[in-house]
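Please find below my notes on this entry, set out as numbered points for discussion. They are best read with the sequence and the coordinates open alongside.

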Amino acid sequence: MPFTLHLRSRLPTALRSLILQKKPNIRNTSSMAGELQPASLVVLPRSLAPAFERFCQANTGPLPLLGQSEPEKWMLPAQGAVSETRMDRPQFWKYEFGACTGSLASLERYSEQLKDMVAFLLGCSFSLEEALEKAGLPRRDPAGHSQAAAYKTTVPCVTHAGFCCPLVVTMRPIPKDKLERLVRACCSLGGEQGQPVHIGDPELLGIKELSKPAYGDAVVCSPGEVPVFWPSPLTSLGALSSCETPLAFASIPGCTVMTDLKDTKAAAGCLTPERIPEVHQISQDPLHYSIASVSASQKIRELESVIGIDPGNRGIGHLLCKDELLKASLSLSHARSVLITTGFPTHFNHEPPEETDGPPGAVALAAFLQALEKEVAIIVDQRAWNLHQKIVEDAVEQGVLKTPIPILTYQGGSVEAAQAFLCKDGDPQTPRFDHLVAIERAGRAADGNYYNARKMNIKHLVDPIDDLFLAAKKIPGVSSTGVGDGGNELGMGKVKEAVRRHIWHGDVIACDVEADFAVIAGVSNWGGYALACALYILYSCAIHSQYLRKAVGPSRAPGDQAWTQALPSVIKEEKMLGILVQHRVRSGVSGVVGMEVDGLPFHNTHAEMIQKLVDVTRAQV
């Protein structure tokens, strides 16, 4: 006999009812699409229902809750309502005290226990096959019978009460040149549920072997293909195991209930620029892609254009590379721990020899990274440690920084020393930092010396911090960004050929050390401000935010976040420049001890630039 399950939808709809027949209404629908939508079933004791509901609400990506039954509403209809169709395959897994103890074709024998249990329907209506078809890509299972591979990750879901488990994901290999087309099709068809949570190396999710899925059939990645991962409702099976209740049930992977309940978040409809994703590769080793909305990406491109003006007529327009600011900020958003370096001792006949370009941009970026709760440190020349320590202390006292930033030094002279500095116990598998940023930092030229813009050798004032950037190239998972305005700064090796051709004295002064991303600005401080602004834009982007948190945990409006107050501002940067002046730090071009950077006055030049960057960042699309 079938059971009737009365559903109380958590969506704005009236009460629904769904027939759970013994076998025919529960079908293998991993490759189906139609008017009715597939859903997976979880049945728990009534006492655990409120906690499981809140657990699902805290992890809507893998556990989109469509509805739940009311207790004591399980009924046995008349015999004549039973279909004559019979299938012998199991449809449910039974869990006892957290362990899966068997499979069942029907729950009929547990009719008494079901009276004190609650059933939950979890949406799994997103059809990857439909998205593949829309993107013009072939299916990997042409017969349509195989269950997509699903893997347990090391990404923890947000816990609630006794429910705690890792995220489970499904995976499909996608040709590299079709990634963005496929991701856009997925978001168009599946909304938030269709958006991938990771694109690239599976080990970044804690998945060791793609050939050994936890559920379903493995699919091999062919050359030229990239593994793409989506959140899976199979995450609920781990939740059942974690709660260790005496009795629970769940539909077997690939066997779903057909319902007309809808998940409003999955119904995307026409995509706006805020919901259309762009896909960008941010690392080759390990392979890693990130995504952001078209509108967020366009705003960051506008920032890149704003800082790309050339007030000193140095010819920096020849050094500009498209989307370097976007890719650098995307990479930084994924970073856990960031090491920033600055310091260009161009005034070698003065004490201190530093210039006012560099430290303000470095501190502005560090302040925003701190607000994002990332670990951050600044590394400088040993001879300048006391100066920068005092600068940071004054910045905290005047409210430019919330908390002090550790100031480090490095004087090692070998690849081994650099690796030992960057990694815990010198082990490249455990780096201390996963992103290095250089902002107006003297860069090593091809002859091993360091030059200012006037071709004066200042090597005697510069420690070999370049070696850390060279070592980072050989440590998987560590990326780097260089910010410069003349081509002789650390990281500008990425554009050294253009520097040699177009910058005055470029054949001598060009930095030979390359960063992964080269951000070019008219004044390097502007590049530091722009990186902070770009991170603000990304963290305000719903698509990128969901990608960062792997669709687990609640989404939060930018206004609820502390980092919204950490943007650079005219007031804070005026204070920061004033601190440098108090310590007799000079302007880079003029050598003046005063409120100017690179010979340009703070008011009417730098203040206007800062305000313009903030205006672009906060502008409504």
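How much space lies in the largest pocket? The points below begin with that, and it should be kept in mind throughout that the model is a predicted one.

1. The largest pocket. About 1,600 Å³ of space lies in the largest pocket. Its lining is made up of 43 residues, and those that lie nearest the centre are S333, H334, A335, R336 and L548. The elements that contribute two or more residues to this lining are β9 (150-156), β15 (277-284), α7 (324-334) and α15 (542-548), and of these α7 gives the most, with three residues. Sorted by class, the lining has 18 nonpolar, 15 polar and ten charged residues.

2. Helix α7. The helix that gives the most to the pocket lining is also largely enclosed by the rest of the structure, because nine of its eleven residues are buried. The buried residues of α7 are E324, L325, L326, A328, S329, L330, S331, L332 and S333; S333 is, in addition, one of the residues that lie nearest the centre of the largest pocket.

3. The chain overall. The protein chain holds 17 helices and 24 strands, and buried residues account for 58% of its 621 residues. If one takes the contacts between residues at least 6 apart in sequence, 78% of them join residues at least 24 apart.

4. Helix α9. For the 13 residues of helix α9 (residues 385-397), a rise of 1.5 Å a residue leads one to expect a span of 18 Å, and the end C-alpha atoms are indeed 18 Å apart, which agrees. The buried residues in α9 are L387, H388, I391, V392, D394 and A395. These cover an arc of only 165 degrees around the axis, which puts them on the same side of α9. As general background, an α-helix has 3.6 residues a turn, so residues three or four places apart point the same way. The cover over the buried residues of α9 includes β17 (337-343), α8 (359-371), β18 (375-380), β19 (407-409) and α16 (570-582). After α9 comes G399, whose phi is positive, near 85 degrees.

5. Cis peptide bonds. Two bonds deserve a check by eye. The peptide bond from D285 to P286 is cis, with omega near 0 degrees, and P286 sits in the loop between β15 and β16 (287-293). A cis peptide bond also joins E351 and P352, where omega is about 0 degrees; the place of P352 is in the loop between β17 and α8.

6. Positive phi outside glycine. Which of the two classes, buried or exposed, does E440 belong to? E440 has a phi near 50 degrees, a positive value in a residue other than glycine, and its place is in strand β20 (residues 435-441); with a relative accessible area of 4%, E440 is buried. N313 likewise has a positive phi, near 50 degrees, and is not a glycine, but N313 lies in the loop between α6 (294-307) and α7 and counts as exposed, at 70% relative accessibility.

7. The loop before β15. I276 is found in the loop between β14 (255-259) and β15, and at 22% relative accessibility I276 counts as partly exposed, given that the cut-off for a buried residue is under 20%. The C-alpha atoms of I276 and V294 are separated by 5.7 Å, although these residues are 18 apart along the chain.

How values were computed: Residues numbered from 1 in each chain as written. Predicted model: local features only at pLDDT ≥ 70, side-chain atom pairs only at ≥ 80, totals over all residues. Heavy atoms only, no water. Helix = DSSP H or I, 4+ residues; strand = E, 2+ residues; numbered from the N terminus. Expected span 1.5 Å × (residues − 1). Buried < 20%, exposed > 50% of the residue type's maximum accessible area, 1.4 Å probe, protein only. Arc of directions from axis to C-beta. Contact = heavy atoms within 4.5 Å. 1 Å grid on protein atoms, 1.4 Å probe; cavity = no way out; pocket = protein on both sides within 12 Å on 5 of 7 lines; lining within 4 Å. Points joined across faces, edges and corners; volume = space filled by probe spheres on them. Nonpolar A, V, L, I, M, F, W, Y, C, P; charged D, E, K, R; others polar.
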